[in-house]
Amino acid sequence: MTGTRAEAAYSRSLAAFRTPTLGLLHGRQAPFVIAALSMLFTADRPAVPIAEAHAEVAEALDALRAGGYDDDDRRIPTGTGREVCRTWAKQGWLVQQIDDDVEVYRLSAHAVEALEITGRTGGGRTRVSNSRVRTLLEAVERLSDDAEADPVKRIARLTAERDALDAEILQIQANGAAPIDDEELYEEAENVLHLARELPADFTRVAESLKQMQRDVVAHLRRDDRPTGEVLREYLQRAKDVMQSTPEGRAFAGALRLIGDADRIDALTEQLHGLLAQPFARFLDPAQRAEFDAIGRRVELGVEEVLAAQRRASHVITGQVKTHDPLRDRQIDELLRDVISGLHEWSRHAPASASVDPVRNLPLMDLGRLRQTVGDIRPPGAPAPLADADDVEYLEADSRSWGGPRYAELEEYVAALGAEFDLGEAFENAPDGTRRPVDLVGLLEIAHRNGMAERDGISTVETLRPDGTTRRFAFASVTAQASASDHTATKEDQDA
């Protein structure tokens, strides 16, 4: 190996170990990180509220410290659950997001990949089985067929496949289907699990590529000095075609045609449940059975994660474009530069102990009253006085008749009823113009103000609306005073 090749290989190795995936696996606290993340995040729990994550990590730390695992090797992190999770987020293993107004943690693509590597290694080495070799050969054969541009060769290949299928159908019809050994079916299931373990990291990687594209677009947009119209056309189109903006997005768009159909996901779930009921499933341990059963859910959650990232990126890019104002941004930059320049100039002559009083609020300009027109030189005058209430004419057609209680008419009516009266009887005998439902409320207000006493029994009254319809109300019987003075005199007599 030459020196140049050695240096290139070593540089690639250094770059690989700088990634968060290998940084997680190579760290001293990797066993605890993997254990905690695998407990926090499952196929049915892809996102965890931040408060819950801090509490669960703190609980795991306390349990391990109480068990004596907190030795001098510092394999168990120090600090609280909150501090540990914040450290993991800074190292790129956790991602903070807002889901339905709740701040949550999600695994990054690097953490998902590290968990997948650990699970594959801890679950035993995958065997070089007939299923895995056949998967490789079929993939190579499919690639070769898709790359073939000669129509004659493609037709010959399709014809050979059809003849082979016809021969297999005839053989099954004649002799029946030959049973497949359970050991071979178990190898097929192991291969399915191996392929399924790689899906979560792939989905998360696509979602993160879309987020990175979103950040790049927004950062470039804020530095853009081109005309606003040109910026709008370019970035709105990019927001529309966000899924085609990254290699991972384009690959996912092709896969989405296979797994994006809800019926196909349901069919996949039913097939997995049916396979677990087959005899060969007895070879699967409980962890493998749970993982096998969760494949459909993993696919569904992965598709939802990528589509949510796509919608979020489109929304953010579109919102940034709509609020993008290069002139305003330049004015803010110039203002900040002037402030920094002024501070530098002030610091050159100010003593070391001098302090700067902060500007807590900006002064407001008192403009007074501006003239209405350029040629209006007369000073502003007071408005014309309002007309007296007696001069106001009301249209009885629809406006006042549907208004509030007629207090003046009700008080005049109550004053003529004597010292005491029954509220229900008084309302029944009132004129039709003051027997609306709202006038009953007004009459109760007047009775409460003057003084009233409830009695045993129920009073029932019939109200009359302005449109002629009626409505009945029932309330506890009430004896009311005609005036507040009568109520006061009655109380004084009782006290005497």
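**Exercise 1.** Find which residues Q288 is in contact with, leaving aside its neighbours within four places in sequence.

*Solution.* Contact means heavy atoms within 4.5 Å. With those neighbours left out, Q288 is in contact with Y186, E190, L193 and F283. Next, look at where Q288 sits: it is in helix α14, residues 286–293. (Helices are DSSP runs of H or I with at least four residues, numbered from the N terminus.) Finally, Q288 is buried, because its relative accessible area is 11% and buried means under 20% with a 1.4 Å probe, counting protein chains only.

A quick note on the model: it is predicted, so local features need pLDDT of at least 70, side-chain atom pairs count only at pLDDT 80 or more, and totals for chains, interfaces and linings use all residues. Residues are numbered from 1 along each chain as its sequence is written, and side-chain values use heavy atoms, with hydrogens and water left out.

**Exercise 2.** Check the span of helix α19 (residues 437–450), then work out where its buried residues lie.

*Solution.* Start with the span: the expected value is 1.5 Å times one less than the number of residues. For the 14 residues of α19 that gives 20 Å, and the end C-alpha atoms are 21 Å apart, which agrees. Now list the buried residues of α19: D439, L440, G442, L443, I446, A447 and N450. They cover an arc of only 160° around the axis, so they are on the same side of α19. (The arc is that of the directions from the helix axis to the C-beta atoms.) Turned away from that buried side are H448 and R449, which are exposed, meaning over 50% relative accessible area. Last step: G451 follows α19, with a positive phi near 120°.

Notes:
Helices (H or I, at least four residues) and strands (E, at least two) are DSSP runs, numbered from the N terminus.
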